[in-house]
Amino acid sequence: MKLEVMILGDYLSVQGLRMAQSLVKKIKAVFGPDWRRIMLSMGCGPEGTEAFKTVRGRLGKAPTVVYRKTGILMQSDSFGLVVKVDGVETMVNLIDRGVGSFDPAMLMQDFTAQDLLGVFGMRGGGYLKCEWDELSGFSQEKLAIAYDDIRGLLNRKESMELVHTFTYDGLECDRQSCCSCGQLDHAGQAFHVKKG
């Protein structure tokens, strides 16, 4: 049996960067009015992007990516779920939920008092699709959603449950794709310091 699970809605890409406060000051000094654009480019793109290369080239070092997730927000007004078994759409009304809460302190365990965690988000429409090639039978009770509630990362009060994958009977999917469909907009940023 082949299984395909797809959710549609608000696509969100979130990235957390570890950086020394002194590095942020140097970025401001060296890049002047462009420093915010540089930080946003590093915060929202993979570590190998031009912004990382530029900062590393001019300053000798750049922030380090310590968290990166893309997925679909469950709180989206346009959230939709499609499940297909052997190509035929199947009604599902029960999905097990995996681990959800996510505390920024988990990312900062080895940070020093001089380190910052900068978290950046980009948002737009999109989808997440997971596919399994060879399963024996379908039971909706075996389908589980994996997500991080990232409200703490972006300093939000409301839930921000970012679905980043599904499992079926504990098995990861054979193929997964998560794509934005069109223009992404800045979805916020937050900075955290280690407490205690």
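User: What is the volume of the largest pocket?
Analyst: This is a predicted model, in which local features need pLDDT of at least 70, side-chain atom pairs count only at pLDDT 80 or more, and totals for chains, interfaces and linings use all residues. Residues are numbered from 1 along each chain as its sequence is written, and side-chain values use heavy atoms, with hydrogens and water left out. A pocket is an open set of points on a 1 Å grid over the protein atoms alone, where a 1.4 Å probe fits, with protein on both sides within 12 Å along at least five of seven lines; a volume is the space filled by probe spheres set on the points, and for the largest pocket it is about 150 Å³.

User: Which helix gives the most to the lining of the largest pocket?
Analyst: Lining residues have an atom within 4 Å of a point, and W35, R36, M39 and L40 are among them. Helices are DSSP runs of H or I with at least four residues, and strands are runs of E with at least two, numbered from the N terminus. The most, four residues, comes from helix 2.

User: How many residues of strand 7 are buried?
Analyst: Buried means under 20% relative accessible area, computed with a 1.4 Å probe on protein chains only. L143, I145, Y147 and D149 are buried on one side, and A144, A146 and D148 on the other. For strand 7, residues 143-149, the count is seven of seven.

User: Which residue of strand 8 is the bridge partner of A144?
Analyst: Two strands pair if DSSP finds at least two bridges between them. Strand 7 and strand 8 (residues 161-168) do so in the antiparallel sense, over seven bridges. In strand 8, the partner of A144 is T167.

Key:
Buried means under 20% relative accessible area, exposed over 50%, partly exposed in between (1.4 Å probe, protein chains only).
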